[in-house]
Amino acid sequence: MLNKLSSFEKEFILDGVQKDIRADGRSCFDYRHLTIETGVLSNTSGSSRLRLAATDVLVGIKVELGRPLPGQDEGQILFSVECSTSASPEFQGRGGDLLSACLTRCLERMIANKKAIDMNKLIIIPEKQCWIIYVDTMILVNGGNVLDAISLAIRAALLDVKIPEISVVEDGDNYELEISDNPQACQTLDLGSWPVLVTLSEIGSKFIVDASIEEECCTVGRVTMEVSCVRKRLEKALLIRPSCQKC
């Protein structure tokens with residue numbers, strides 16, 4: 001994180017927030033310009049790229065066959081977050097590793113309540129075979145509010161996921177899986193309760209949303225909330241047209 005703001009710069013940001021006029025002209029609860037693209041990576045089951053002003057995040061998702069965890073008759077979702085060393089000096093060395101681990105834990109907690117997605121629908125053969133969803137995120141540029149940006153980019157990428165149809169041929173105790181090679185024969189994920197994250201940053205006596213990297217240097221506290229009621233219009237647009245969407 002940028003940490004070399006002068007006292008004058010910090011005072012300017014603090015004073016603007018108290019007057020509800022931030023340094024870039026936004027009010028306390030305004031977001032920066034947001035652009036989402038889906039279907040940007042060809043060798044994935046689903047992908048997205050999100051730009052939130054200077055913040056730039058890329059998500060690729062792979063869906064593969066695997067075995068359920070012992071005692072858990074459900075599929076799995078595994079998160080991984082990497083920080084591009086060219087994005088910021090803070091990502092070099094141990095700093096990038098610590099941030100990646102912290103963001104990954106936040107994403108794992110986001111779906112810990114089991115309401116975000118029905119994991120049972122990822123089961124193919126009970127206790128034997130399931131779908132495992134690998135969600136890999138790359139932070140290309142950290143321009144502030146990166147956790148919220150990642151959560152929205154992941155939701156967009158999951159909406160882009162296509163899972164091939166699969167049939168099970170059983171012969172006594174043996175079974176064989178047949179995966180359809182028809183690109184039209186596939187299913188999508190039901191993300192009715194999948195949340196996005198909204199972080200409120202405290203600066204002075206007020207809270208703001210979508211803090212820039214400079215504003216994060218002046219933040220004295222943060223509260224991150226899960227929000228499940230994402231507009232259906234956005235979901236429909238991301239599913240039907242894998243192109244540039246602006247919000």
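## Reading a predicted protein model: a tutorial

Among the elements of the protein chain, strand β2 (residues 46-52) has the highest mean pLDDT, 97, and strand β14 (residues 244-246) has the lowest, 38.

Q: What is the mean pLDDT of the protein chain, and what share of its residues reach 70 or more?

A: This is a predicted model, and pLDDT is the predictor's confidence in each residue. The chain has a mean pLDDT of 85, with 86% of its residues at 70 or more.

Q: Over which residues does pLDDT stay under 50?

A: Where pLDDT is low, the predicted coordinates should not be read in detail. Here that caution concerns residues 231-247, where pLDDT stays under 50. The model has 29 contacts beyond four places in sequence for this stretch.

Q: How many helices and strands are in the protein chain?

A: The protein chain contains five helices and 14 strands. Of its 247 residues, 45% are buried. The chain exposes about 13300 Å², of which carbon and sulfur atoms supply 51%. Among contacts with a separation of 6 or more, 70% are between residues 24 or more positions apart.

Q: In what order do the strands of the open sheet of three strands stand?

A: A sheet is read by following its strands from one neighbour to the next. In this open sheet the order is β12-β11-β13, and the pairing is antiparallel. β12 (206-209) and β13 (221-227) stand at the edges with a single partner strand each, so one side of each has no neighbour in the sheet. On average, and with direction ignored, neighbouring strands of this sheet are turned by 30° against each other.

Q: Over how many bridges do β11 and β13 pair?

A: Strand β11 (residues 196-203) pairs with β13 over seven bridges in the antiparallel sense. To locate this pairing in the model, one may begin at Val198, whose bridge partner in β13 is Met225.

Q: Which helix lies across β11 and β13?

A: Helix α3 (residues 146-160) lies across these two strands, and it runs at about 170° to β11.

Q: How are the side chains of a strand arranged, as a general idea?

A: In a regular strand the side chains alternate between the two faces of the sheet. A further pair of strands can be examined with this idea in mind. β1 and β2 pair in the antiparallel sense over five bridges, and Ile36 stands opposite Leu50 in β2.

Q: Why is β1 largely enclosed by the rest of the structure?

A: The reason is burial: four of the five residues of β1 are buried, so the strand is largely enclosed by the rest of the structure.

Q: Which residue in the loop between β5 and β6 should one inspect for its backbone angle?

A: Most residues other than glycine have a negative phi. Glu127, in the loop between β5 (123-125) and β6 (129-141), has a positive phi of about 65° although it is not a glycine. Asn145 also has a positive phi, near 55°, and is found in the loop between β6 and α3.

Q: Is Glu127 buried or exposed?

A: Relative accessible area decides this: a residue is buried under 20% and exposed over 50%. Glu127 counts as exposed because its relative accessibility is 63%. Asn145, with a relative accessible area of 6%, is buried.

Q: How many salt bridges does the structure hold?

A: A salt bridge is recognised by the distance between a side-chain nitrogen of Lys or Arg and a carboxyl oxygen of Asp or Glu, within 4 Å. The structure holds 11 salt bridges. One of them joins the side chains of Arg51 and Glu37 at 2.7 Å, N to O. This pair links distant parts of the chain, since Arg51 is in strand β2 and Glu37 in strand β1 (residues 34-38), 14 residues apart. Arg51 is partly exposed, at 29%, and Glu37 is also partly exposed, at 24%.

Q: Where do Lys162 and Asp160 meet, and what N to O distance applies?

A: Their side chains meet in a salt bridge of 3.9 Å, N to O. Lys162 is partly exposed, with a relative accessible area of 36%, whereas Asp160 counts as buried at 10%. Elsewhere, salt bridges that share partners join Arg22, Asp24, Arg26, Arg32, Asp210 and Glu215 into one network. Within it, the side chains of Asp24 and Arg26 meet at 2.8 Å, N to O. Asp24 is partly exposed at 46%, and Arg26 is buried at 7%.

Technical notes
Residues numbered from 1 in each chain as written. Predicted model: local features only at pLDDT ≥ 70, side-chain atom pairs only at ≥ 80, totals over all residues. Heavy atoms only, no water. Pairing = 2+ DSSP bridges. Axes fitted to C-alpha atoms, helices over the stretch in contact; angles between N-to-C directions. Contact = heavy atoms within 4.5 Å. Buried < 20%, exposed > 50% of the residue type's maximum accessible area, 1.4 Å probe, protein only. pLDDT = per-residue confidence, 0-100. Areas by Shrake-Rupley, 256 points an atom, 1.4 Å probe, with all protein chains shown as cover.
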